Amino acid sequence: MAVSYKRLWKLLIDRDMKKKDLCAKAGISSASITKMGKNGHVTTEILLKICTALDCKIEDIMEIVPDDKENT
């Protein structure tokens, strides 16, 4: 299983926010955003800061998706 942050990027578009705006509002580093852009792992603390800043639930910013390798 893998993590996808497509929901976060869509939410930012819907709210007319840029990634740098999210960094400033949530108090997170651009390195965390870069990791998320590659669907990499970030701490739950980072996810909590994002949810607090955007006033949303965890399922609004991420989802668990099947790994391509598991389907073959």
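Accessible areas here come from the Shrake-Rupley method with a 1.4 Å probe. By that method, this predicted model has a protein chain that exposes about 5000 Å², and carbon and sulfur atoms supply 53% of that area.

**View 1. The whole chain holds 4 helices and 2 strands.** Start at the N terminus and you walk through the elements in the order β-α-α-α-α-β. The C-alpha trace spans about 40 × 20 × 20 Å along its principal axes. With 72 residues, a compact globule would have a radius of gyration near 11 Å, and the 12 Å of the protein chain agrees with that. Of the 72 residues, 35% count as buried. Take the contacts with a separation of 6 or more: 63% of them come from residues 24 or more positions apart.

**View 2. M36 sits buried in helix α3.** The helix is where you'll find M36, and its relative accessibility is 0%, so M36 counts as buried. What does M36 touch, not counting residues up to four places away in sequence? The list is Y5, L8, W9, V42, L47 and I50. While you're here, look for S4 as well: M36 and S4 are 32 residues apart in sequence, yet their C-alpha atoms are 8.2 Å apart in space.

**View 3. S32 is another residue of helix α3, which covers residues 30-37.** Is S32 buried or exposed? The relative accessibility of S32 is 11%, so this serine counts as buried. Leaving out residues up to four places away in sequence, S32 touches V42 and I46. V42 should ring a bell, as it is also among the residues that M36 touches.

**View 4. S29 lies in the loop between α2 and α3.** Helix α2 covers 19-26, in case you want to count your way in. S29 has a relative accessibility of 36%, so it counts as partly exposed. Now find I46, one of the residues that S32 touches. S29 and I46 are 17 residues apart in sequence, and 9.3 Å apart in space from C-alpha to C-alpha.

**View 5. K19 lies over the face of W9.** The distance to keep an eye on is 4.5 Å, taken from the ring centre of W9. W9 turns up in the M36 view too, being among the residues that M36 touches. How many aromatic pairs does the structure hold? The count is 0.

**View 6. The cysteines: C23, C51 and C56, with 0 disulfides in the structure.** Why is there no bond between C23 and C56? The closest cysteine sulfur to that of C23 is in C56, and at 15 Å it is too far for a bond. C56 is in no disulfide either, although the nearest cysteine sulfur, that of C51, is 4.3 Å away. A disulfide needs the two sulfur atoms within 2.5 Å, so a pair at a greater distance is not counted. As for burial, C23 has a relative accessibility of 13% and therefore counts as buried. C56 is buried too, with a relative accessible area of 15%.

Methods
Residues numbered from 1 in each chain as written. Predicted model: local features only at pLDDT ≥ 70, side-chain atom pairs only at ≥ 80, totals over all residues. Heavy atoms only, no water. Phe/Tyr/Trp six-rings, centres within 6.5 Å; stacked < 30°, edge-to-face > 60°. Lys NZ or Arg CZ within 6 Å of the ring centre and 35° of its normal. Buried < 20%, exposed > 50% of the residue type's maximum accessible area, 1.4 Å probe, protein only. Rg over C-alpha atoms; globule rule 2.2 N^0.38 Å. Contact = heavy atoms within 4.5 Å.
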